[in-house]
Amino acid sequence: MTGRVVTVFGGTGFLGRRVVDHLRQHGFFVRIASRHARRSRDLFGPDGAQVQSVEADIRDPHAVAEALAGAFAAVNAVSLYVERGAETFHAVHVEAGRRLAARAQQGGVERLVQVSGIGADPASPSLYVRKRGEGERAVRTAFADALVVRPAVMFAPDDSFLNTILALLRKLPILPMFGRGLTRLQPAYVGDVAEAIAGALARTDRRPVTFELGGPRIYSYEELLRTVAREAGLEARLVPMPFAAWEALAAVAEMLPNPPVTRNQIELMQVDTVASPGMPGFAELGILPRPLEDVLRDMLARGARES
């Protein structure tokens, strides 16, 4: 084993697997902690000189302690979007985050990154947003120097964000918008967020900084839909749909194994997710964020070649 060890919880997820790749590029040895070590090995190959896969549920204190043993740093990239049984927002984002941070502090881990989200607020009326905010506070209470990373909505060629919008624009004669389409978003490329996390851990600065990571352009939701449609050569026939109707639809959809929309997503779409001008972000980490249009063009070109 070479290099300093960074344990990534949630290292097989949408963001987590990119974090693993970028940490390796920075010369770290990465211990990927997930509930399914086999999936980790399918993604990253067998254990080797720069990577190790371990089975660990973030809610299991013993497994967390083992995964953190000897680590220089840890990244908590575990997220939950739909509550099911014992998997609640409080259990995952608050309690598990607190235990991980406390164990990291006790075990001599030098750096800790807590992945949260823009808008996280312990006083929010949204349960999801509130628990994200409480999770940040719990982590900082247990590990005072923790770095908090708050990404905006993230996109990539294999995401469920742009791909869903494209699929709906292609299939539906009329696309219902969230409300009147006025909510503002600042989408960030997932690879840039992963590089921000890796770069923050590579810095010698140990202050408890909170980074808000938004992309290079702010869109209204309607502008975003029209941008995607224009790049894909599609006509955007958009119609406003009240949030109350979306919430009723989401309540039914959540009964499905993989719901296409959830009430938490509806709540989030009622609030602007834009980086605060006074908060550190990509610029402080020397990263020029990639425009959504560039990634979208690559996606469309790849799709055209494969069809």
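Student: Which residue in E2 does threonine 7 stand opposite?

Tutor: In this predicted model, threonine 7 stands opposite arginine 31 in E2. That pair belongs to a longer register, since E1 and E2 run parallel and are joined by 5 bridges.

Student: How is strand E1 itself placed, and which of its residues point one way and which the other?

Tutor: Strand E1, residues 5-9, is mostly covered, with 5 of its 5 residues buried. Val5, Thr7 and Phe9 point one way from the strand, while Val6 and Val8 point the other way, and all of them are buried.

Student: In what order do the strands of the sheet follow one another?

Tutor: A sheet is best read from one edge to the other. Here 7 strands form an open sheet in the order E3-E2-E1-E4-E5-E6-E11, and the pairing is parallel. Strand E3 (51-55) and strand E11 (210-213) stand at the edges, and because each has a single partner strand, one side of each is left without a neighbour in the sheet. On average, neighbouring strands of this sheet are turned by 20 degrees against each other, direction ignored.

Student: How many bridges pair strand E2 with E3, and which helix packs on the sheet there, touching both strands?

Tutor: Strand E2, residues 29-34, pairs with E3 in the parallel sense over 5 bridges, and within this pairing isoleucine 32 stands opposite serine 53 in E3. Helix H2 (residues 37-44) packs on the sheet and touches E2 and E3, its direction making about 160 degrees with that of E3.

Student: Which strands does helix H5 lie across?

Tutor: Helix H5, residues 127-142, lies across strand E5 (111-115), strand E6 (147-151) and E11, and it runs at about 165 degrees to E6.

Student: How many salt bridges does the count come to, and where does aspartate 158 lie in relation to its partner?

Tutor: The general idea is that side chains of opposite charge can pair when their charged atoms come close. In this structure the count comes to 21 salt bridges. One of them joins aspartate 158 to arginine 18, with the closest N and O atoms 2.6 Å apart. Aspartate 158 lies in the loop between strand E7 (154-155) and helix H6 (162-171), whereas arginine 18 lies in helix H1 (residues 16-25), so the pair ties together parts that are 140 residues apart in sequence.

Student: Is each partner buried or partly exposed?

Tutor: The two fall on either side of the 20% limit under which a residue is called buried. Aspartate 158, at 41% relative accessibility, counts as partly exposed, whereas arginine 18, at 15%, counts as buried.

Student: Which residue pairs with glutamate 212 in a salt bridge?

Tutor: The side chains of glutamate 212 and arginine 150 meet in a salt bridge, at 2.8 Å from N to O. Glutamate 212 is in strand E11 and arginine 150 in strand E6, so that the pair links distant parts of the chain, 62 residues apart. Glutamate 212 is buried, with a relative accessible area of 6%, and arginine 150 is buried as well, with 15%.

Student: What does the salt bridge of arginine 41 look like, and which residues are linked in a network?

Tutor: The side chain of arginine 41 meets that of aspartate 47 in a salt bridge of 3.7 Å, N to O. Arginine 41 is partly exposed, with a relative accessible area of 36%, and aspartate 47 is also partly exposed, at 39%. Elsewhere, Arg35, Asp57, Arg59 and Glu87 are linked in a network of salt bridges.

Student: Where is isoleucine 287 found, and what does it touch?

Tutor: Isoleucine 287 is found in the loop between helix H10 (263-268) and helix H11 (292-306), and it is buried, with a relative accessible area of 14%. Not counting residues up to four places away in sequence, isoleucine 287 touches Asp192, Glu195, Ala196 and Phe282. The C-alpha atoms of isoleucine 287 and glutamate 195 are separated by 8.1 Å, although the two residues are 92 apart along the chain.

Student: How many cavities of 30 Å³ or more does a search of the whole structure find?

Tutor: The search finds 1 cavity of 30 Å³ or more. The lining of the largest cavity includes Arg111, Leu147, Asp205 and Phe211.

Technical notes. Residues are numbered from 1 along each chain as its sequence is written. This is a predicted model: local features need pLDDT of at least 70, side-chain atom pairs count only at pLDDT 80 or more; totals for chains, interfaces and linings use all residues. Side-chain values use heavy atoms; hydrogens and water are left out. Two strands pair if DSSP finds at least two bridges between them. Helices (H or I, at least four residues) and strands (E, at least two) are DSSP runs, numbered from the N terminus. Axes are lines fitted to C-alpha atoms, for helices over the stretch in contact, and angles run from 0 to 180 degrees between N-to-C directions. Contact means heavy atoms within 4.5 Å. A salt bridge is a side-chain nitrogen of Lys or Arg within 4 Å of a carboxyl oxygen of Asp or Glu. Buried means under 20% relative accessible area, exposed over 50%, partly exposed in between (1.4 Å probe, protein chains only). On a 1 Å grid over the protein atoms alone, a cavity is a set of points where a 1.4 Å probe fits but cannot get out, and a pocket is an open set with protein on both sides within 12 Å along at least five of seven lines; lining residues have an atom within 4 Å of a point. Grid points are joined across faces, edges and corners, and a volume is the space filled by probe spheres set on the points.
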